[in-house]
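Let's take a stroll through some side chains and see who pairs up with whom. Keep the structure open as you read, and find each residue as it comes up.

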Amino acid sequence: MFLTPKETVEQYINASISKSGQSIGKTAGKSVFAGMMIAMGAACSNVAVHAIDNVGVARLIAGCVFPVGLMMVILMGAELFTGNCLMAVAVADKKISFLQLVKVLVIVYLGNFVGGLLTAVLMQLSGQFNYSAGRLGAYTIKVAMGKTSVSFAQGISSGILCNILVCAAVMMAMSSKDVTGKLLASFFVILPFVTGGFEHCVANMYYIPAGLIAKCNPAYAEAAKEIYGLADLSALNLFGFLVNNLIPVTIGNIIGGSFCIGLPMYYLNYKGNKKKEGEE
């Protein structure tokens, strides 16, 4: 059993009203949880693929592991920035104001950031980066380097593609009336996002800080040079993290979630249908 697209949009509008009415403390707490959940999926996908040389196979396997993060977010009621871009539907329906949307998104973004950073630190302290004689640490650097080396246009474009899939997964999971359906929607739609190598700002709040931390270990940095030919790690810095990646990817995620999924879903499946029913 599942909800129709119209019913799903209506349910998300109601959820958005609830989100905007939460206290700052609750929103922030749920956001930190979400950041950690997505980071767990990212960290474990790195473990799964760090010794696989074939890029396609590695991304496919990572795509099978990473979705656990969104599964936890959905079933545990956490607040994820990329999914909350769908709250634009409630603004379009005049159920919440634009300022309320911005307030929620800012709090959730910062909370997700804290969750991602905290998980990166915990992974380092746990000794996880030592796996395969430090190869996981080297792979963590490689992933972060790749993300800080994208152009601004690439970051926006990849961010759009990412959040089209993430928000589609969120809406599809919401349309399901049982846990199995929610999990399957999360898995099968997030799988192509990871396999395609698209950019997710919250996931990058783990991937890049983890790479920055790993870079501080001379053994991991040397392994990254030997295994992956990364002779120059200078691009992996805070400027590369925030300006080269996080800003354009965040912009892309907002466009993908709000303008490519949320608002089209609202205008194509909800607003017109609501008017027709009123006229009848």
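Start with Tyr266, which counts as buried because its relative accessibility is 3%, under the 20% cut-off for that word. Bear in mind that everything here comes from a predicted model. What about Tyr267: buried, partly exposed or exposed? Tyr267 comes out as partly exposed, with a relative accessibility of 44%. These two tyrosines form an aromatic pair, with 5.0 Å from centre to centre and 80° between the planes. That angle makes the pair edge-to-face, because the planes are over 60 degrees apart. Tyr270 joins in too: ring pairs link Tyr266, Tyr267 and Tyr270 into a cluster.

**More rings**

How many aromatic pairs are there? The count comes to 9. Another one of them is made by Phe129 and Tyr220, whose ring centres are 6.4 Å apart. Their planes meet at 85°, so this pair is edge-to-face as well. Now look at where the two partners come from. Phe129 sits in the loop between helix 7 (98–126) and helix 8 (131–148), while Tyr220 belongs to helix 12 (residues 218–228), so the pair ties together parts that are 91 residues apart in sequence. Both partners are tucked away from the surface: Phe129 is buried at a relative accessible area of 1%, and Tyr220 is buried at 5%.

A ring can also have a charge for company. The charged end of Lys142 sits over the ring of Tyr228, 5.5 Å from the ring's centre.

**Opposite charges**

Next come the salt bridges, and the count for these is 4. Here are three of them, including the distance between the N and O atoms.

| Salt bridge | N to O distance |
|---|---|
| Asp53 and Arg135 | 3.0 Å |
| Lys95 and Asp93 | 2.6 Å |
| Lys147 and Glu199 | 3.3 Å |

Which parts does the Asp53 and Arg135 pair tie together? Asp53 is in the loop between helix 2 (24–49) and helix 3 (55–65), and Arg135 is in helix 8, so the bridge connects parts that are 82 residues apart in sequence. Asp53 itself is exposed, at 64% relative accessibility.

Lys147 and Glu199 do a similar job. Lys147 lies in helix 8 and Glu199 in the loop between helix 10 and helix 11 (201–215), so their bridge ties together parts 52 residues apart in sequence. Here Lys147 is buried at 10% relative accessibility, and Glu199 is buried at 7%.

The Lys95 and Asp93 bridge is a mixed case: Lys95 is partly exposed at 42%, whereas Asp93 is buried at 7%.

**A lysine without a bridge**

Finally, meet Lys182, found in helix 10 (residues 179–195). This lysine is buried yet has no salt bridge. Why not? The nearest side chain of opposite charge, Asp178, is 7.9 Å away, and a salt bridge needs the nitrogen and oxygen within 4 Å, so that pair doesn't qualify. What does the side chain of Lys182 have instead? One of its polar atoms lies 3.1 Å from the backbone oxygen of Ser176. Leaving aside neighbours within four places in sequence, Lys182 is in contact with Ile74, Leu75, Ala173, Met174 and Ser176. Ser176 therefore turns up in both descriptions, once through its backbone oxygen and once in the list of contacts.

Notes. Residues numbered from 1 in each chain as written. Predicted model: local features only at pLDDT ≥ 70, side-chain atom pairs only at ≥ 80, totals over all residues. Heavy atoms only, no water. Helix = DSSP H or I, 4+ residues; strand = E, 2+ residues; numbered from the N terminus. Buried < 20%, exposed > 50% of the residue type's maximum accessible area, 1.4 Å probe, protein only. Lys, Arg positive; Asp, Glu negative; His and termini not counted. Polar contact = N/O pair within 3.5 Å; in protein donor to acceptor, adjacent residues only side chain to side chain. Contact = heavy atoms within 4.5 Å. Phe/Tyr/Trp six-rings, centres within 6.5 Å; stacked < 30°, edge-to-face > 60°. Lys NZ or Arg CZ within 6 Å of the ring centre and 35° of its normal.
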